[in-house]
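Please open the model in your viewer and keep the selection panel at hand. The tour below moves from one selection to the next and says what is found at each stop.

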Amino acid sequence: MTDTPAYHVPGMVPTGPKLITGRFDQVDGFTYEGYVNTGGYTALRRALTEMTPAQVHDEVRTSEMQGRGGAGFPAGTKWGFLPAGVFPRYLVINGDESEPGTYKDRLLMERDPHQLIEGVLIAAYAIGAAQAFLYVRGEMALAQERLVLALKDAYANNLVGRNILGTDFSVDITLTWGAGAYIVGEETALIESLEGERGMPRLKPPYFPAAKGLYMQPTIVNNVETLANVPWIINHGGQEFHDIGAPTSTGMRIFAVSGHVNSPGVFEVPNGVTTFRMLFEAPEYCGGIRNGSSVKAFIPGGASAMWFFPEHLDMALDKPTVDQAGSMLGSGAIVVMDETTDMVAACWRIVRFFSRESCGKCTPCREGTTWLERILKRILDGHGRPEDLDTLLEVCESISPGIAWPPRQTTICPLGPSAVSPIASAVRKFRHEFEHYVQFGRPIEGVHQHAIHGSVAHV
Amino acid sequence: MSEETSTDLGDLIEDSEPEAETSDVAPEPEPDPGVAVTINGRVHSARPGQLVIDACADAGAFVPHFCYHPRMSPVGMCRQCLVEVDGPRGPMMVVSCMTPVAEGQVVNTATPSVKRAQEGVLELLLANHPLDCPVCDKGGECPLQDQAFSHGPGESRYLEEKRHYEKPIPISDLVYLDRERCILCDRCTRFADEVAGDKLIHFISRGNDTQVMTFPDEPFASYFSGNTVQICPVGALTAKPYRFKARPWDLEQVESTCTTCSVGCRTVIQSSRDELLRYQGVDSEPVNWGWLCDRGRFGFESANSDQRLAVPLIQTDAGLEATSWSAAMSTATELFTEALNRSGPSGIAILGGARGTNEDAFAWARLADRLGVTRRDPQLADGLAAQILNRPRATIAEAAHAKTVILLGPDLKEELPVLFLRIRDAAEKRRSRILEFSPMETGMTRYAWRSERYEPGFAATAVRSSLADPEIASQIAAGDVVVVVGRQNLAESDAVTLAALDAIIAAAPAAKVLPVLRRGNVMGALQMGLAPRSAESEASQILHAAADGHIDLLVLLGADPLADCPDAELARRALAGARRVISVDTFLTSSTAHADLVLPAAAYGEKAGTTTNLEGRITPVTAKVTVHGTARPDWMVAVDLAARLDQDLGFNDLAGITAEIAATVEGCEELEALSAGRATGTGRDGILVSVVVPEISRASTEVTERISYDYRLVVSRKLYDNATNTQMAPSLAPLAPGPCITVNPMDLTRIGAEEGTQVKVIGARSATVLTLAASTAVPRGLAWVPFNQPGGAISEVIDLDTTVTDVRIERL
C-alpha cells in the first residue's frame with residue numbers, strides 16, 4: 001500500500017458542491033448574521049411565499065434524497081405516509097446521534113444550526129405540522145448551546161412561531177435534550193422519551209410513527225442531516241440534487257471516518273460514486289492508512305453494520321451496492337481497522353457497547369448481548385474454551401435467527417441484532433484469531449489489544 | 001443510534017393491518033362473524049380483533065409466554081410467544097401477543113424455527129435466573145419452571161457469573177422483591193400503572209442492570225399489591241403472609257367468594273394441614289377480573305388467629321367464663337323465653353347478620369319471623385336505608401360500561417377496592433364519564449370527568465345546581481346513566497345522600513342504581529329477610545330503644561355496635577340499657593365483652609353456603625378447613641334455638657335452608673343447583689337476585705348552616721381500620737393509618753396549630769383529642785376524620801339524631 005494509485009492525484013477523485021457543510025469553515029457560520037449573509041433563510045422564504053406544501057413535498061420527492069439516519073429510506077416517500085386529514089401531526093428531528101463513530105449530525109448542529117432550523121421549518125410546512133420537536137443527544141453541550149441561540153434568533157426574526165414571515169404558516173420548535181441513551185436514536189424509543197417515558201422502542205406494527213407516533217398522533221421522524229439538505233433542495237430544485245451522485249444514491253452525503261487513517265474527519269462526498277478506497281486514501285479526504293499499513297477490515301456504516309474487508313475497498317458508497325454486499329451505509333460512520341488490530345478485542349469493544357446500551361426491554365437483547373460480551377471478555381482474558389465460538393454463534397442465532405443480512409430479529413428493534421454483526425463478521429473472517437486466543441490465551445503475532453485505540457476504542 | 005437499520009419502513013406500513021382495539025371487553029357479545037385463521041394447518045374461527053396468542057390458545061395450540069396477561073395491554077417484552085405468520089415475503093417471526101388476527105392468516109406455532117426461537121429465548125431468560133427453585137415459593141406453580149420444561153432447550157450453556165442482588169428486599173409492608181429471580185416481564189409494573197393506578201414501582205437502570213424498584217423512600221403502598229405477587233410469572237414477588245408457608249403441591253384449593261366487602265370477588269381458598277394459607281383471585285368476568293384487594297387477599301390470617309373464640313362464654317360475677325355448648329344453648333333458650341315472657345317479641349332485637357352467609361341470615365330471619373321479632377337490622381346505622389334496594393338496580397358491568405357513572409357514595413378505593421378498579425378502568429379506557437359528588441377529594445377524583453364538591457348536608461342542592469350546568473345536563477340527557485350510591489359520610493345522616501339521589505333520579509329517571517353498602521353480605525342479609533320492617537326496627541331506633549330500657553334481649557350477629565355504629569355514645573348506652581345481650585361472633589370484641597352469652601361463630605372458609613354481592617349476585621362460598629374449636633355457623637345456632645323454643649323453621653340443616661330459600665325467595669329458584677355445583681367451582685358468575693324490601697318512611701331532616709367558626713365533619717372509612725378482621729391479621733393490622741383530623745392547609749392558621757400537633761375536637765355532646773393534619777383534598781371549612789381507627793374515637797362526637805356534625809378545633 002505504499003504505491004499511490006494514479007487516481008489519488010488531486011482532482012481525480014469525484015467532488016461536488018458543498019451542499020450542507022459549506023459553512024463549516026466559516027467562523028461565524030453558526031450565527032444568525034453569518035447564516036443570513038451566506039444566503040440563509042432564502043429557501044424558507046421561497047417555500048412559504050412561492051410554493052404550496054405539495055410543491056415543496058414534490059421537490060423533495062424528486063430529489064430522491066435517502067434519509068441519512070441509517071435506513072436510507074427516501075424522505076419524500078416517508079412524508080407521504082402521513083394519513084390525510086389527521087391533525088395534529090408532529091415533526092420530530094432525531095438529533096440523538098450516538099452510533100459509535102458517527103459525529104456528522106453533531107457538527108451540523110454545532111456549526112450550522114440555522115440551516116437545520118430552516119430545513120425543519122420547510123419540512124413542517126410541507127407536511128402540515130404546527131409543532132416540531134428537536135431531540136438532541138444529551139452529551140452534545142455545544143450543539144445544544146448553539147441551537148438554543150439559533151432558535152432564539154430565529155424566533156426574534158419571525159422565522160419560527162406565529163405567522164412566519166407574515167404568512168399564515170405557524171410552527172413552534174421545541175428543543176429537548178436526551179439523557180444519555182443510545183437506544184433513543186431508534187425513532188419509537190425517541191418518541192417514548194419525548195413523552196417522558198423510559199426510552200424503550202415500540203413494536204412496529206402497530207406503532208408506526210407516521211400512523212401512531214408522538215402522543216399517538218401521526219409523526220414524521222427525520223434525521224438532522226436529512227433536513228439540513230432541504231434548504232438546498234428548495235433553492236436549487238430537487239432535480240439538481242438528483243443529478244449529483246449516482247441515480248441510486250442521490251446528492252452529496254457526509255461520511256464520518258474514524259480509526260486508523262491519517263486524517264480522520266467528516267467529508268461531504270458525492271453519494272453513490274465515491275469508493276471506500278478514494279475516501280480512505282485520497283489526500284483531500286483521509287489521506288491514507290496510518291503508518292503506511294493496510295486495511296484489515298472496516299465498518300462501512302456504524303457499529304451495527306457487518307464489517308467489510310479489503311476486497312470491498314473499491315466498492316462505491318452507494319446504498320444498493322453496499323446493501324447487496326451484505327452490509328449497510330447506515331448513518332455514515334466508517335471505522336477503519338489496520339493490520340495491527342486485534343479482531344477479538346475489536347469485536348468485544350463493539351459488543352460491550354451494545355450490551356451496555358440495550359434498553360432491557362426484550363429478553364434476547366438484554367440477556368443475549370451481555371452473554372456475548374462476557375464470553376468475548378473471557379476469551380480476551382485467556383479463559384476461552386473451544387466450545388465458546390459455537391456458543392457465541394448460537395446466542396447470536398437466538399437474537400437474530402439465521403445471522404443473515406438484513407438481519408431477522410427476535411427483538412422489537414435492531415439493537416440486539418446490531419451486536420451480532422461484529423461477531424458474525426469477525427468470527428467468520430478471523431476465526432483463527434479467536435481460536436488462537438482460546439488455545440494460547442493471547443492474540444496472534446503482530447496484533448495488539450491496544451491497537452484498537454484510535455479505532456473502536458471510543459466505542 | 002440510527003433511526004432504522006434493518007426494517008423496510010415502506011413495505012411494513014403497506015403490509016400492516018389497521019390496528020384493532022384489543023383491551024376493551026365489549027359490554028354485550030356482538031354478532032360474531034369470526035375471522036378464519038389457519039393455526040398449525042387447521043382452520044380456526046377467531047374473534048375479530050383477537051390476538052394471535054389467544055386465538056392459538058382457543059385452537060388448542062398453547063403458545064408459551066410470560067409478559068402477556070389477558071387483563072392488561074400487551075407489551076411484547078419477553079419475546080417468548082414468537083410464532084411464524086405467513087406474510088407476503090414468506091413466514092415472518094412475530095410476537096403473537098401483539099399481533100391481531102387477520103382473515104386468511106396462516107400461523108405456525110411449532111415449526112423447527114419457532115421451536116428454535118422459543119428455546120433460544122427461554123435459555124436467555126434462564127441465563128441470569130438463579131434457579132433456586134428448591135427454596136422458591138413459586139416452585140411447583142411457576143410459569144417459568146413449567147415452560148422451561150415444556151418449551152425450553154433442556155440445558156443451559158451459560159457459564160458466566162449471574163446477576164447478583166440483595167435477596168429479597170421488602171418493597172412494601174406486604175410484598176418482597178427478589179430481583180435475581182425477576183425476568184423483567186413488566187407484569188407487576190404494568191399492573192401498578194394500568195390497573196391499580198398506583199405507579200409506585202417501575203424499572204430502573206438499563207439493559208442487563210434493569211430492575212424493578214420503588215421510588216426512593218416510597219414503598220409500594222398499594223391496596224392492590226398482592227395482585228402483583230399472583231401474576232408474577234416467577235418467584236420474584238412474594239407476599240409476606242405466605243412466604244415459606246407451604247409448597248404448591250401441598251396446597252388444596254376450592255373456589256369461593258370473598259366476603260370481606262360486598263364486591264364479592266371470586267377467589268380460590270388454599271389450605272394445607274387444615275390451615276388457611278392463601279387466597280388467590282379468580283377471573284370472574286362480571287365481577288373482579290381476577291383482581292383482589294390486599295385486605296381481602298390477606299384477611300385469611302384473622303381466621304387462623306389464636307385469639308378466635310373456641311368455646312361459648314357466659315357472663316359470671318368473675319367475668320366471661322368458658323362453658324359448654326349445651327349449657328350455653330340452654331342459657332340462650334332461657335334468655336329468649338324470659339324476654340318473650342317479659343315484654344313479648346318487641347322486647348327482642350337482632351342486630352347484624354351481614355357477616356354471614358345467606359343461609360345464616362335466612363335461618364335467623366325465619367326464627368325471628370316465627371317468634372314475631374320485627375326489630376332487626378343487618379346494618380348499624382352506618383349504611384343507607386334498606387329501600388335503596390328497591391331502585392332499578394345496575395350490575396357492576398353495567399356501571400363499568402355506562403356512558404355516565406354518577407358517584408354519590410364513599411371513596412370506592414377505600415371501601416370497595418375492586419369496584420374502584422372496574423370503574424377506574426371504565427374511565428381510563430374512555431368508556432365512561434364519571435361525575436362525582438363528594439364533600440372532598442377521593443381516590444376516584446383524578447379519574448373523574450367532573451368532581452363536584454358540596455358541604456355535608458347540602459348534597460341535593462349541589463346535585464341540582466350541577467345538573468343545571470348545560471354540559472352536565474347534556475351528558476345526562478344522553479342516557480345510559482348508572483348512579484353508584486352509598487354512605488359517604490358517617491357524620492351526616494343517610495337522608496342527605498338519599499335526597500341527593502332523588503334529585504339525580506328526577507333529572508335522569510331511567511338511571512339505574514348500584515347500591516354500594518359495604519359489609520360482606522349485607523345485601524344477602526337484607527334480601528334474606530333481615531331487612532328492617534318499620535322505622536322502629538332500624539338500627540338507630542333499636543339502639544335508642546335499648547338505651548331507654550325497652551329491649552330485654554339484644555342479639556348481636558357478628559355485630560360490634562361500639563366500634564361500627566357512628567354514634568359510640570348511643571351504642572354504649574344501648575348495650576348498657578339492654579337487659580340481656582347474646583353475641584354470636586368469631587372474636588371477643590368491645591361489644592361482646594358486655595354480652596351475657598357469647599357463642600363462637602364459624603368464620604369465612606369454615607362454612608359453606610352462598611353470599612350476595614352488592615349487585616345482588618349470589619355465588620357459593622365454600623368450607624375449606626374445619627371450624628376453629630367448637631365454633632358453629634350462625635344458621636346452626638338459629639336451628640338449634642328454634643328447636644329448643646319449639647319453633648318449626650321448616651328446615652334443620654344447610655340443604656334444607658337452601659331448599660327453603662329456593663322455594664320462598666323470589667329469583668332464587670336455581671340456588672340449589674348453584675350450591676350443588678360449588679364443589680367443582682361452577683357457577684362462578686352466580687345468579688342475580690333482586691328482592692324488594694319494606695319501604696320505610698322517615699321524617700325529613702333539617703340542615704342548619706354552619707357557623708363560620710365551626711368545621712363540618714366528614715367521617716369516612718379507610719381500607720385498613722380497627723375492624724376485628726383487620727386487627728387480627730398480623731400483616732394488615734399495622735397498615736391502619738391511625739386517627740387524625742385533616743383540614744385544608746389554609747385553615748391551619750385559623751386553628752393556630754401546626755400539622756402533627758394534638759388538637760381538641762369539640763362536638764355538641766363531647767370532645768376528643770386527635771392529631772392535626774392538612775391536605776388540599778379537604779375543602780376549607782370541612783374537617784375529615786377516618787372512622788374507627790385504632791386509638792381514635794371520632795364516633796364519640798357524632799350524634800345519630802343530627803343531620804350533620806359540626807365541631808370546633810382548638811389547640812391543646
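The stops that follow concern a predicted model, beginning with the contact between its chains and ending with a pair of helices.

Begin by colouring chain A and chain B separately and selecting the residues of each that touch the other: the contact takes 66 residues from chain A and 49 residues from chain B. The area buried between the two chains is about 4900 Å², and carbon and sulfur atoms give 57% of that area.

Next, display the charged side chains along this contact, where the count is 6 salt bridges between chain B and chain A. One to centre on is the salt bridge of Arg157(B) with Glu394(A), in which the closest N and O atoms lie 3.3 Å apart. Polar contacts, counted where both residues have pLDDT 80 or more, link 21 residue pairs between chain B and chain A.

Now hide chain A and look at the side of chain B that it touches, to which two or more residues each are given by helix H1 (9-15), strand E3 (82-87), strand E4 (90-95), helix H3 (112-127) and strand E8 (201-204) of chain B. Among these, H3(B) gives the most, with 6 residues. Coloured by residue class, this side of chain B shows 21 nonpolar, 13 polar and 15 charged residues.

Finally, bring chain A back and select its helix H3 (residues 53-63) together with its helix H6 (residues 113-127), which pack at an angle of about 115° with their axes 7 Å apart. The crossing of H3(A) past H6(A) is left-handed. To see the contact itself, show Pro53(A), Val56(A) and His57(A) on H3(A), and Ile122(A), Tyr125(A) and Ala126(A) on H6(A); by class, these residues are 5 nonpolar and 1 polar, with no charged residue.

Methods. Residues are numbered from 1 along each chain as its sequence is written. Chains are lettered from A and ligands numbered from 1 in the order in which they are written. This is a predicted model: local features need pLDDT of at least 70, side-chain atom pairs count only at pLDDT 80 or more; totals for chains, interfaces and linings use all residues. Side-chain values use heavy atoms; hydrogens and water are left out. Contact means heavy atoms within 4.5 Å. Buried area is the accessible area (1.4 Å probe) that two parts lose on being put together, summed over both. A salt bridge is a side-chain nitrogen of Lys or Arg within 4 Å of a carboxyl oxygen of Asp or Glu. A polar contact is a pair of N or O atoms within 3.5 Å; within protein, one must be able to donate a hydrogen and the other to accept it, and residues adjacent in sequence count only if both atoms are side-chain atoms. Helices (H or I, at least four residues) and strands (E, at least two) are DSSP runs, numbered from the N terminus. Ala, Val, Leu, Ile, Met, Phe, Trp, Tyr, Cys and Pro count as nonpolar, Asp, Glu, Lys and Arg as charged, and the others, Gly among them, as polar. Axes are lines fitted to C-alpha atoms, for helices over the stretch in contact, and angles run from 0 to 180 degrees between N-to-C directions. A crossing is left-handed if the near helix is turned anticlockwise from the far one by less than a right angle, and right-handed if clockwise.
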